[in-house]
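Please open the model in your viewer and keep the selection tool at hand. The stops below say what to select next and what is there.

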Amino acid sequence: MTFTASPAGMPAPARPLVSLRSVSKTFSNGTLALEHMSLDIGQGEFVSLLGPSGCGKSTALRIIAGLGAPSSGSLDWPTSMHDATGKAEPEVSFVFQEPTLMPWATVYENVWLPLRLRGISKKAAASDVREALAMVGLEKFETAYPRELSGGMKMRVSIARALVTRPRLLLMDEPFAALDEITRFKLNNDLLTLWEKFGWTVIFVTHSVFESVYLSSRIVVMAARPGRVFTDMGVEAPYPRGDEFRTSTVYNDCCRQASDALDAAMNASVPA
Amino acid sequence: MSEILPAPASSATSSGSGFRRALGLVFSPTLVRILVPVLMLFLLLAVWQWYVVAHKVPPYILPSPVLVANALVKDWPILGAALVVTLKITFTALILALVGGVALAILISQSKWVELAIYPYAVILQVTPIVAISPLIIIYTPSTQVALLICAWIVAFFPVLSNTAQGLKSTDHNLLNLFELYRASRWQTLFWLRIPAALPYFLAGLRIAGGLALIAAVVAEFAAGSAGSGSGLAFRLLEAQFRLNIPRLFAALILLSVTGVLIFFATSLVSHLLLRKWHESALRREN
């Protein structure tokens with residue numbers, strides 16, 4: 001069996017990196033974005049949050065990032081140092097759906113930003129910034145401005161900026177949704193290579209079944225209105241995964257099952 | 001390539017484009033952009049001169065261009081001194097408007113309370129015609145110069161304030177989230193995010209304020225009136241009208257126009273230099 005689906009949730013990893021305990025979020029307009037969401041994210045996992053729009057997957061990611069507190073429930077970081085407000089320490093990095101670069105700053109200055117905000121000078125940050133740029137293959141574009149780069153390259157800069165703080169947890173909110181398929185496949189492969197090499201934990205929000213199966217070690221399918229965990233399933237295909245994985249029967253089976261789970265989640269959601 | 005292609009019966013069009021290409025070699029696009037308006041100017045001046053001479057229009061109705069040029073040279077001691085006065089008022093007002101407008105915009109962006117307390121009154125000050133306020137200002141100020149300065153400042157100040165305030169509020173929400181995620185302080189967010197993001201808005205305000213400062217300096221002098229050594233171009237213009245010295249009136253008018261155009265170019269240049277590397281407004285579209 002290459003694929004396990006257990007609606008009750010995966011057996012919790014020994015020491016989760018972060019746990020959502022019955023987290024609910026109500027927006028100021030009264031929308032119930034998340035209801036009693038509980039989820040353990042184990043160290044080193046690559047978890048995709050997959051679901052229809054309005055299922056609260058981005059909201060969950062933002063709560064984990066510390067952008068907006070949950071209305072009820074709590075967030076636990078069993079293995080990390082966190083302050084009393086529950087805000088994520090800088091060891092958490094976030095990649096937005098848009099590259100979200102400062103247009104007036106060069107590639108170097110954009111990647112330097114997280115370190116600059118911690119008071120690290122441009123010179124002192126140089127080796128870290130160059131290392132992060134090398135990871136995404138943009139070491140030759142230090143002095144370029146964002147407007148001079150393609151969509152894929154902008155996203156690479158955005159990823160380099162997230163990596164420059166050497167995060168333990170990387171939160172990605174549909175980072176490749178706006179890119180063409182060829183660029184997306186390339187960035188998927190590069191992201192997996194980096195993940196295997198550095199052993200971060202990744203939470204990856206997507207609405208693409210194929211992308212989630214290709215990347216993840218675990219897929220959390222969510223249902224909408226209110227947003228909640230619908231199915232929690234493991235993708236038990238070995239890494240490294242390359243282009244041959246995309247054509248394998250394992251991949252196909254996983255895609256079909258994830259797709260079925262997503263359909264079931266859509267049917268369980270109140271129609272938009 | 002073109003030599004290899006068989007020459008078809010397209011000689012008519014190719015000779016047409018060849019002519020255009022030859023013209024392009026002699027006159028670069030930049031040269032054409034300067035040359036055409038200059039030629040137009042000379043044409044208009046020639047027509048004007050011919051009309052005045054041919055119809056014997058008296059100089060107190062419409063002076064010929066030659067007469068105006070004469071006045072410009074002959075009256076330069078008076079007009080030049082007046083120009084300096086007007087320029088002083090304009091630029092002092094503009095600089096104070098930039099400092100005050102930006103400072104107040106930053107204050108407003110940092111506190112909702114300050115915005116609620118101040119912004120409505122800035123609007124009221126702006127929408128009340130300056131000509132209507134100037135008599136009061138003259139009563140309350142020690143000298144006409146100060147009164148003119150205050151008038152010009154009131155007019156130039158608002159576009160800087162409202163544009164900069166708008167810019168400081170229009171920061172990309174994702175970038176704000178990013179700064180929050182990395183625990184940026186209020187000042188880090190202000191100096192490294194909000195202010196650079198507001199720069200294009202501020203510069204648009206600067207271009208408006210530059211023109212308005214000159215206009216307000218002139219309008220205020222019309223309203224306030226001034227005399228003697230401290231009088232600016234507006235007073236000289238009125239004075240020339242009273243004395244039916246119409247050539248001098250035209251000369252003063254030309255000085256004002258040229259000043260306005262130079263201020264516009266200067267502020268546009270500053271804007272271009274500051275934005276050319278990153279902002280869409282300063283970029284050539286590549287298609």
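Begin by colouring chain A by pLDDT, the predictor's confidence in each residue, from 0 to 100: the lowest confidence in chain A falls in strand β1 (residues 3-5), with a mean of 46, and the highest in helix α2 (residues 107-116), at 96, where helices (H or I, at least four residues) and strands (E, at least two) are DSSP runs numbered from the N terminus. Next select residues 1-13 of chain A, where the pLDDT is below 50, although this stretch has 28 contacts (heavy atoms within 4.5 Å) beyond near neighbours in sequence in the model. Where pLDDT is low, predicted coordinates should not be read in detail.

This is a predicted model, in which local features need pLDDT of at least 70 and side-chain atom pairs count only at pLDDT 80 or more, while totals for chains, interfaces and linings use all residues. Residues are numbered from 1 along each chain as its sequence is written, chains are lettered from A and ligands numbered from 1 in the order in which they are written, and side-chain values use heavy atoms, leaving out hydrogens and water.

Now show both chains and select their interface, where 20 residues of chain B are in contact with 26 residues of chain A. Between them about 2,300 Å² is buried (accessible area, 1.4 Å probe, that two parts lose on being put together, summed over both), and carbon and sulfur atoms give 63% of that area. Pick out Leu181(B), Tyr182(B) and Arg183(B), which supply 32% of the area that chain B buries against chain A, more than any other three residues. Finally, select α8 (173-181) and α9 of chain B, the elements that each give two or more residues to the side touching chain A; α8(B) gives the most, with 7 residues.
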